[in-house]
Amino acid sequence: QLNGVNFDEWHEKVMQAKTYKDKRSVLKDISGFVKELVEKQIFSSVNEAVMTLFYEREGNTEFHSYNDWLNKGFQVKKGATAYPIWARPMSELKKEKGEQFDQENDFHPIAKLFSNKQVYAIQTKAQ
C-alpha cells in the first residue's frame, strides 16, 4: 500500500474493466496515484509506475502487445484481459506524419498489453 492505495484491489479493478471506456477510466484513476512518484523521479514514466505497482502480480513479469507476443512465438490465451497503458499521444503520431494537430485538444489513447501468464508457446508443425 502507498498512501492508502491497495494495489491488489486496483489490479482487480483493471482485470474487471472490459470496455475501452472502462479500461481508460481505471487507468486514469491509477495514473493519478503514481503521478507524484514520477515527479519525484522514483519511476521514469507513469506507464512504468503503473506496470510495476499495479500489474506485476502473481507471476506477471513480462508485458507485450498482442502482435509482439505473436512475433516472439506466443499466442495470447482466449479470453485474456489486456492490461491498459497509455499509448503515444495523437499529437505525436500526427506530427510524425506531418499532419496538423491541435495541442490543446490532444488525446492519449490506451494500448493493450498481455503478460507472460496470459500466453502460450505456439507449436510449429514438423515438416
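User: Which residue has its charged end over the ring of W10?
Analyst: First off, this is a predicted model, where local features need pLDDT of at least 70, side-chain atom pairs count only at pLDDT 80 or more, and totals for chains, interfaces and linings use all residues. Residues are numbered from 1 along each chain as its sequence is written, and side-chain values use heavy atoms, with hydrogens and water left out. A charge counts as sitting over a ring if NZ of Lys or CZ of Arg is within 6 Å of the ring centre and within 35 degrees of the ring normal. At 4.0 Å from the centre of the W10 ring, the charged end that sits there belongs to K13.

User: And W10 itself, is that buried or exposed?
Analyst: Buried means under 20% relative accessible area, exposed over 50%, and partly exposed in between (1.4 Å probe, protein chains only). W10 has a relative accessibility of 13%, so the label is buried.

User: What geometry does the aromatic pair of W10 and F33 have?
Analyst: Rings of Phe, Tyr and Trp (its six-membered ring) pair if their centres lie within 6.5 Å; planes under 30 degrees apart are stacked, over 60 edge-to-face, and the rest tilted. The structure holds 7 such pairs. For W10 and F33, the centres are 5.2 Å apart with 70° between the planes, and that makes the pair edge-to-face.

User: How many residues apart in sequence are the parts that W10 and F33 tie together?
Analyst: Helices (H or I, at least four residues) and strands (E, at least two) are DSSP runs, numbered from the N terminus. W10 sits in helix α1 and F33 in helix α2, so the pair links parts whose separation in sequence is 23 residues. As for exposure, F33 is partly exposed, at a relative accessible area of 32%. So the separation asked for is 23 residues.

User: Which helix does F7 reach through its pair with F54?
Analyst: The ring centres of F7 and F54 are 5.0 Å apart and the planes meet at 75°, so this one is edge-to-face. Both residues are buried, and F7, W10, F33 and F54 form one aromatic cluster. Since F7 is in α1, the pair ties together parts 47 residues apart in sequence, so the helix reached is α3.

User: Why do the buried residues of α1 lie on the same side of the helix?
Analyst: The buried set in α1 is F7, W10, H11, V14 and M15. What they pack against is α2, α3 and β3. The arc is taken from the directions from the helix axis to the C-beta atoms. They lie on the same side because they cover an arc of only 145°.

User: How many of the 10 residues of α3 are buried?
Analyst: The buried ones are N47, A49, V50, M51, L53, F54 and Y55. Their cover includes α1, α2, β1, β3 and β4. The helix is largely enclosed by the rest of the structure, because the buried count is 7.

User: How many residues are in the largest nonpolar core?
Analyst: A nonpolar core is a set of buried Ala, Val, Leu, Ile, Met, Phe, Trp, Tyr and Cys residues joined through side-chain atoms within 4.5 Å. V14, L27, I30, V50, L53, F54 and Y55 touch the most other members, and the core's size is 25 residues. The elements giving two or more residues are α1 (7–16), α2 (20–39), α3 (46–55), β3 and β4, while another core, including W69, V76, A82 and V119, lies apart with 5 residues. So the largest one has 25.

User: Which residues of β3 (residues 83–86) does Y55 contact?
Analyst: Contact means heavy atoms within 4.5 Å. Leaving aside neighbours within four places in sequence, Y55 touches H11, V14, L27, I30, V50, N60 and F63, plus Y83, P84 and I85. Given that β3 covers residues 83–86, the ones asked for are Y83, P84 and I85.

User: Which strands stand at the edges of the open sheet?
Analyst: Strands pair if DSSP finds at least two bridges between them: 2 join β1 (residues 63–64) to β4 (residues 110–115), and 4 join β3 to β4. Among the facing residues, H64 partners F114, and P84 stands opposite K112. The order is β1-β4-β3, with antiparallel pairing. Each edge strand has a single partner, so one side has no neighbour in the sheet, and these strands are β1 and β3.
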